[in-house]
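Student: I have a model open and would like to go through the reasoning behind a few of its labels. Could you take me through them?

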Amino acid sequence: KTLELFWPELEIELENLKLNISNFEIPSEIPMTECRLDLEEAIKDYDNGCYLSSLVLCRRAYEGALISLYKTKTKKDPVEVIKCRNCQCIIRDRAYIGIAKLHSWAIENNFVTEKLKQVGFLVSDIGAGGAHPALIDFPREKEIAKLGITATITLLKEIYKK
């Protein structure tokens, strides 16, 4: 009888709660690192209809995993010296090599299979498209964000299973 007195208030409270059901499951092979947190946030953004930010976080997750892998395997930062093509003077001493070169490095060193080559470039491109205003509008579509998350999960699983 006491519970019945509070029932209307409980119903109101329960109506305000959202079930937190995710559309994606993160494989256990992906460890609890910064890139996994980025992926989790990308999925939360997707679940809440924030498709552009979801794509940006997918790129960040994959790039972060590549940086970590590069540092672990080479024992150095992913940087290079940029020189002038004509006079060979150093333009920039420690220039970050970027996600595209890191992805190519991962393929060359068999951390990512050749069959996923275009998938890595896709994550990079759509993540950049979501982050940077372009001359044409970037699509804020659920399907593209879903593709980005699925591709990122596939790439991260590939990196961490080895």
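Tutor: Happy to! This is a predicted model, and a good place to start is the crossing of H4 and H5, which is right-handed.

Student: What makes that crossing right-handed?

Tutor: A crossing gets that label if the near helix is turned clockwise from the far one by less than a right angle, and the crossing of H4 and H5 is right-handed.

Student: Which residues make the contact?

Tutor: H4 (residues 98-108) brings Ile99, Ala100, His103, Ser104 and Ile107, while H5 (residues 117-131) brings Lys117, Gly120, Phe121 and Ser124. By class, that makes 4 nonpolar, 4 polar and 1 charged residues.

Student: Why are H4 and H5 called roughly antiparallel?

Tutor: Their axes come within 10 Å and cross at roughly 160°. Angles over 145 degrees count as roughly antiparallel, so H4 and H5 are roughly antiparallel to each other.

Student: Let's turn to the second largest pocket. What is its volume, and what lines it?

Tutor: The volume of the second largest pocket is about 150 Å³. Its lining consists of Pro31, Thr33, Ala65, Ser68, Leu69, Thr72, Lys73, Phe111, Ile159, Tyr160 and Lys162.

Student: Which helix supplies the largest share of that lining?

Tutor: H3 does, with 5 residues. Helix H3 (51-74) and helix H6 (142-160) each supply at least two residues of the lining.

Student: How many residues of each class are in the lining?

Tutor: The lining of the second largest pocket has 6 nonpolar, 3 polar and 2 charged residues. Tyr counts as nonpolar and Lys as charged in this scheme, and Tyr160 and Lys162 are among the lining residues.

Key
Residues are numbered from 1 along each chain as its sequence is written. This is a predicted model: local features need pLDDT of at least 70, side-chain atom pairs count only at pLDDT 80 or more; totals for chains, interfaces and linings use all residues. Side-chain values use heavy atoms; hydrogens and water are left out. Axes are lines fitted to C-alpha atoms, for helices over the stretch in contact, and angles run from 0 to 180 degrees between N-to-C directions. Helices (H or I, at least four residues) and strands (E, at least two) are DSSP runs, numbered from the N terminus. Angles under 35 degrees count as roughly parallel, over 145 as roughly antiparallel, 65 to 115 as roughly perpendicular and the rest as oblique. Contact means heavy atoms within 4.5 Å. On a 1 Å grid over the protein atoms alone, a cavity is a set of points where a 1.4 Å probe fits but cannot get out, and a pocket is an open set with protein on both sides within 12 Å along at least five of seven lines; lining residues have an atom within 4 Å of a point. Grid points are joined across faces, edges and corners, and a volume is the space filled by probe spheres set on the points.
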